[in-house]
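Thank you all for coming; I would like to walk through one model this morning, going from the cysteines to the metal site, then to some backbone details, and ending with a single helix. Please have the structure open as we go.

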Amino acid sequence: MIGFDSHCHLDFLDDAPQCMADAETAGIARWLIPGTGPDQWRQAHQRFGQDDRVLLAAGHHPWFLPDSAPDIQSLESWLDQHSDSVAIGEIGLDFFRHHPRSAAAEHQFDWFMAQLAVSSECLQPVIIHSVKAHDRILQGLKRYPRVGGVVHGFVGPYAQAKAYLDRGFYLGAGSVVFQSAKTLDAFARIPAERILVETDAPDQHVPDQYRNAADPSDTGLPDNALLDWLSILKRIAAARQMDSAILTEQVCQNASSLFRL
Ligand SMILES: [Zn+2]
């Protein structure tokens, strides 16, 4: 079974082709690049649009919103013209107050809602970025019952995860499962059919002491953020007392069905 990293900013990596080749050797050979804004959609499409291993998405990331009121015209016309775009994202809310790129909460919310409306219309899944904002995200989703998708890099306790599960969402597990016991506990308890595994490279990292540590047969590949996928998967499999090959198969199936491959 081939690993599927369902949230990875390959286009922000220093040496994407080499990292991808090494990851492929280690058994990870499919990536989804989330969108951040129109210029990035274009560049990612140019660089990776022909690569069968790579999927693309388009959306306005909450860190990169224009100052203007929501305008989803560029998103709609991009989706019309690019049938290879499989999701709307990443979109969402980042209420971590000290983030240098965080716009005002209401501005973020307006853009988020406008993009949910697009998803509700075209029925493409959304990729949600939620930092200290789960209640507001869920409040927004209530208005669009047809919208489904994934909460990427989920951080929170089981009860919070459950609120998304009840809403039909998948939860993306990232390197935070090494730092947050409550988040790891949530991923130990939710149904395996709702878990995606993602590196969010290069934005997030598995702490050095855990990198590939679960694999004693590690072939000594160079430090490569894409290989964190294996460490994250194994961390969750161990917490669930589940065979990691079976979990790999399940999470890859989940990503394929969410993104309708
Ligand atoms: Zn991301």
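Let me begin with disulfides, where the count comes to zero, and I should say at once that this is a predicted model. Take Cys8 as an example: the closest cysteine sulfur to its own belongs to Cys19 and lies 8.9 Å away, which is too far for a bond, given that a disulfide requires the two sulfur atoms to be within 2.5 Å. Cys8 is buried, with a relative accessible area of 0%, whereas Cys122, at 37%, is partly exposed.

Now to the zinc ion. Which protein atoms serve as its donors? They are NE2 of His7, NE2 of His9, an OE atom of Glu90 and an OD atom of Asp200, at distances of 2.1 to 2.6 Å from the ion. Written as a sequence pattern, the spacing of these donor residues is H-x1-H-x80-E-x109-D. His7 sits in the loop between S1 and helix H1 (16–25), while Glu90 belongs to strand S4 (residues 85–94), so this pair ties together parts of the chain that are 83 residues apart in sequence. Both His7 and Glu90 are buried. As for the geometry, the angles subtended by the four donor atoms run from 84 to 173°, and the arrangement is therefore irregular.

Glu90 deserves a second look, since the peptide bond joining Gly89 and Glu90 is cis, with omega about 5°. A cis peptide bond also joins Ala201 and Pro202, here with omega about -5°, and Pro202 is placed in the loop between S8 and H8. Staying with strand S4 for a moment, Ser85 is also found there, and Ser85 is buried at a relative accessible area of 2%. Setting aside neighbours within four places in sequence, Ser85 is in contact with Leu56, Ala57, Ala58, Trp78, Leu79 and Gln124.

Next, the backbone angles. Most residues other than glycine have a negative phi, and so the following cases are worth checking by eye. Leu123, in the loop between helix H4 (105–122) and strand S5 (126–131), has a phi near 60°, and with a relative accessible area of 37% Leu123 is partly exposed. Gln241, in the loop between H8 and H9, has a phi near 50° and counts as exposed, at 78% relative accessibility.

That brings me to helix H9 itself. How far apart are the C-alpha atoms at its ends? They are 21 Å apart, and this agrees with the 21 Å that should be spanned by the 15 residues of H9 (residues 244–258) at 1.5 Å a residue. At the start of H9, a side-chain oxygen of Asp243 comes to within 3.0 Å of the backbone nitrogen of Ala245, and just after the helix Arg260 takes a positive phi of about 55°. The buried residues of H9 are Leu247, Thr248, Gln250, Val251, Cys252, Asn254, Ala255 and Leu258. In an α-helix there are 3.6 residues a turn, so residues three or four places apart point the same way. Among the elements covering the buried residues of H9 are strand S1 (3–5), strand S6 (149–152), strand S7 (170–173), strand S8 (195–197) and helix H8 (228–240).

I will stop there and take questions.

Conventions
Residues are numbered from 1 along each chain as its sequence is written. This is a predicted model: local features need pLDDT of at least 70, side-chain atom pairs count only at pLDDT 80 or more; totals for chains, interfaces and linings use all residues. Side-chain values use heavy atoms; hydrogens and water are left out. Helices (H or I, at least four residues) and strands (E, at least two) are DSSP runs, numbered from the N terminus. The expected span of a helix is 1.5 Å times one less than its number of residues. Buried means under 20% relative accessible area, exposed over 50%, partly exposed in between (1.4 Å probe, protein chains only). Contact means heavy atoms within 4.5 Å. A polar contact is a pair of N or O atoms within 3.5 Å; within protein, one must be able to donate a hydrogen and the other to accept it, and residues adjacent in sequence count only if both atoms are side-chain atoms. Donors are N, O and S atoms within 2.8 Å of the metal (3.2 Å for Na, K and Ca); water is not among the atoms, so sites may look incomplete. Four donors count as tetrahedral if all angles lie between 85 and 135 degrees; four count as square planar and six as octahedral if opposite donors are over 155 degrees apart and all others between 65 and 115; anything else is irregular.
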